[in-house]
Amino acid sequence: MNALQGKSAEYFVAYAISTYGFATAIVNQIGYDIIVNLKNNIVKVEVKSTTRRIKNRNAYQFTTKQGKNPRPLNVDKNSDIIAFVIYKEKPIIFFKPTIDVKGISHSIYDIHLNENDLSKKTFFKCLEKLKLFKNGIGH
């Protein structure tokens, strides 16, 4: 991944979240890149992007470590959600709660990428898991 790819992924994710009706800001802090204002609750989003496929596994591979001594993102809990951006013909965003990403690498399989409105559905699933959104109504 190069710096331009990573930066464009941040803007792509911020734009996508804004289309769901939330104010966003790119902040580039240690452990998170975007903040989302959800009814005066701040949600921190870390963005990871890749073009790298795992050979013979029908999946995309992401590095999910941080710091000089590599550790999983869920250790420090700086972010609430990780936005995985897959660069294909058209970029795809798959959101996951940070607490669910336990290793220093993470895979997203092709089978999970074929759903309509994938980005929006996975974002709202994260908010529900974080108890910030329930049945289409923000807390």
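Which elements cover the buried residues of helix 1? The legends below take up this point in a predicted model, in which local features need pLDDT of at least 70 and side-chain atom pairs count only at pLDDT 80 or more, while totals for chains, interfaces and linings use all residues. Residues are numbered from 1 along each chain as its sequence is written, and side-chain values use heavy atoms, with hydrogens and water left out.

**View 1. Helix 1 and its cover.** Helix 1 (helices being DSSP runs of H or I with at least four residues, strands runs of E with at least two, both numbered from the N terminus) has among its buried residues Val-13 and Ile-17, where buried means under 20% relative accessible area with a 1.4 Å probe, protein chains only. The cover of these buried residues includes strand 1 (23-29), strand 2, strand 3, strand 8, strand 9 and helix 3. Gly-21, with a positive phi near 100°, follows helix 1.

**View 2. The largest nonpolar core.** This core, a set of buried Ala, Val, Leu, Ile, Met, Phe, Trp, Tyr and Cys residues joined through side-chain atoms within 4.5 Å, has 24 residues. Its largest share, five residues, is supplied by helix 1. Leaving aside residues up to four places away in sequence, Ile-17 touches Phe-22, Thr-24, Val-36, Val-45, Phe-95 and Phe-123, a contact being heavy atoms within 4.5 Å.

**View 3. Helix 3.** Phe-123 and Leu-127 are among the buried residues of helix 3, and both also belong to those with the most contacts inside the largest nonpolar core. Helix 3 is followed by Lys-131, whose positive phi lies near 60°.

How values were computed: Buried < 20%, exposed > 50% of the residue type's maximum accessible area, 1.4 Å probe, protein only.
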